[in-house]
Amino acid sequence: QDDNTSNYIFGNINMTYKESLCNTNPYIYSFTKTYYVLDKLVRRNIIEKVGNDFYSMHALLKEQFVQISSKDNLLLHQQIAEEIEDKDYIETSYHYASCGRINKALAILIYNFDELISGGFCALILKQITSYKKLIQKDENEQYNLLLGKLLITRGEYDSAIKTFMDISTNNSQELTFDVHIQLSKCYEKKGDYSNAFKALENAQCIIEKDDKFKMALIDINKGFILCHQENISKGIRLCENSLPIVNSQPGISKNLVADGYNDLGWNYTVKGDYVKAVIALKKAVKLYSNNSRGVALAKIRIARIHWQKGELQEGLQEIDQAEELSILIGDPQIQAFALRQKNLILWTFGEFETALVGHRESLRKYSKIKDYWGIAASLENIAAIFYDLGNYERAISYIDNAIKICKKIEGATIEFSIENLSDECTKSFYSNFLTLLDKTYFNSDDRKNIYYSKAIVRREILTIVGYVNVTYHIYQNKNNNSCYCFIRDDVLNFKPYQR
């Protein structure tokens, strides 16, 4: 900070000090306003480690503040909190905590969580509530852990979030226990552990009243999303479709909850290959979201993916650029990695291999940091595809092998990567020949016309990272050595002839 800023702060502290000494009532407006503005400025700069001078400034501010008695100190914090309650949630929380009202301080942050995260305040809130820890009483600990866990999810620290939620006693109110199970399910789902994610939802179901249709609908929407990851796509979509009207009809319901449902339904339609319904659901989610940048970013990434799969690359880039800006603002590493990976899939399709390779490696780094194993496997697969395009088949096979190993290790996952049950060595040999033959045929039209002839057309269903996909195999045979290769034409994804 420059000297003018320092002089401004010191001058205001000095002015306020003099005014409060000359006035028998310390709650003069200038004192309350000055303390609120300067304390916020100085304290936040200390938290964000901007300028060492702010430490001495804050010390002077505190010294001025202790001129008032301890009782008046608490009253002043309460007065500031009440004056700014609808204007500045983070500072309101701080001042309520400073006058001993921790539950109120935590409740404000929990209630306005989506809006605050959308504003990019995750790191600030985390540091601020950490400072509350020494003030928290036993009956306030559960609410503190709920907020802490939600912040850790946003930061991609899923294991720490799970541990935090596990520390919350099950002897609390039904509402809190229900929220904990829902949050636990989200943690496991983001880690790719769909089995435990589903169990957490079943635990949530066990504690609600049988006639609580609203909470049951929330559970079913989450179950539907997980079922689609477990290849039970039709049932997953049916659960979401049946539950969304129930959630939407709940009086006073947050539109963000409804938007989350449409966001997940849109992804389920994408997995099924019904892109028209997918885009309708995802755009509806974007329209419904209120102060929820994470939800909007996720929906836009999914829309961009559909554009990419349909070959609408410019439209995909427009959506992904907007999503990337939002992901940087909110600081969610999983959304950042997802946006980065989808953007570089589009760049790869444009033929910008080197740029896409750098981008996929960065997304791999982000996925690895948060231990998102499905994301790691998908990034490895993307990198393998680029090395294949660059003609480096050994490295392509190495990356694919690592992706397969990770998929096999994910708990509850059943992955068969190759068309048949091939051994590792056989898989390597198969892909080496496969990739070599593809290069000869796709990039040399004369060879394709003169050496190969069409042998058969076969409809097959293969399992991909996004579920089962129906494809057409055009099998070609070499006239000279009788070797064969398969050209996969996917009508669902609208691949053009001879497009890899």
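In this predicted model, the axes of helix H17 (residues 293-309) and helix H18 (residues 313-330) come within 8 Å and cross at roughly 155°. Angles over 145 degrees count as roughly antiparallel, and H17 and H18 are therefore roughly antiparallel to each other. The crossing of H17 past H18 is left-handed. On the H17 side, the residues in contact include Val296, Ala297, Lys300, Ile301, Ala304 and Trp308. On the H18 side, they include Leu313, Glu319, Ile320, Ala323, Leu326 and Ile330. Sorted by class, the contact of H17 with H18 has 12 nonpolar, 4 polar and 4 charged residues.

Another pair of helices can be described in the same terms. Two packed helices are described by the angle between their axes and the distance between the axes. Helix H13 (residues 213-229) packs on helix H14 (residues 233-248) at about 155°, and their axes are 8 Å apart. H13 and H14 are therefore roughly antiparallel to each other, and H13 passes H14 in a left-handed crossing. Among the H13 residues that make the contact are Phe214, Ala217, Leu218, Ile221, Phe225 and Cys228. H14 contributes, among others, Ile237, Cys240, Leu244 and Val247. By class, the contact of H13 with H14 has 14 nonpolar, 3 polar and 4 charged residues.

| Helix pair | Nonpolar | Polar | Charged |
|---|---|---|---|
| H17 with H18 | 12 residues | 4 residues | 4 residues |
| H13 with H14 | 14 residues | 3 residues | 4 residues |

Val247 also appears in the largest nonpolar core, which has 120 residues. Val247 is listed there with Ile129, Tyr132, Leu147, Leu151 and Phe165 as the residues with the most contacts inside this core. What does Phe165 touch, not counting residues up to four places away in sequence? Its partners are Asn145, Leu146, Gly149, Lys150, Ile153, Val180, Gln183, Leu184 and Cys187.

Two loop residues complete the account. Thr170 lies in the loop between helix H10 (158-166) and helix H11 (174-191). Is Thr170 buried or exposed? Thr170 has a relative accessible area of 60%, and exposed means over 50%, so Thr170 is exposed. The C-alpha atoms of Thr170 and Val180 are separated by 9.1 Å, and these residues are 10 places apart along the chain.

Asn291 is found in the loop between helix H16 (275-288) and H17. Most residues other than glycine have a negative phi. Phi of Asn291, however, is near 50°, a positive value in a residue other than glycine. With a relative accessible area of 45%, Asn291 is partly exposed.

Key: Residues numbered from 1 in each chain as written. Predicted model: local features only at pLDDT ≥ 70, side-chain atom pairs only at ≥ 80, totals over all residues. Heavy atoms only, no water. Core = buried A, V, L, I, M, F, W, Y, C linked by side-chain atoms within 4.5 Å. Buried < 20%, exposed > 50% of the residue type's maximum accessible area, 1.4 Å probe, protein only. Contact = heavy atoms within 4.5 Å. Axes fitted to C-alpha atoms, helices over the stretch in contact; angles between N-to-C directions. Helix = DSSP H or I, 4+ residues; strand = E, 2+ residues; numbered from the N terminus. Parallel < 35°, antiparallel > 145°, perpendicular 65-115°, else oblique. Left-handed = near helix turned anticlockwise from the far one by under 90°. Nonpolar A, V, L, I, M, F, W, Y, C, P; charged D, E, K, R; others polar.
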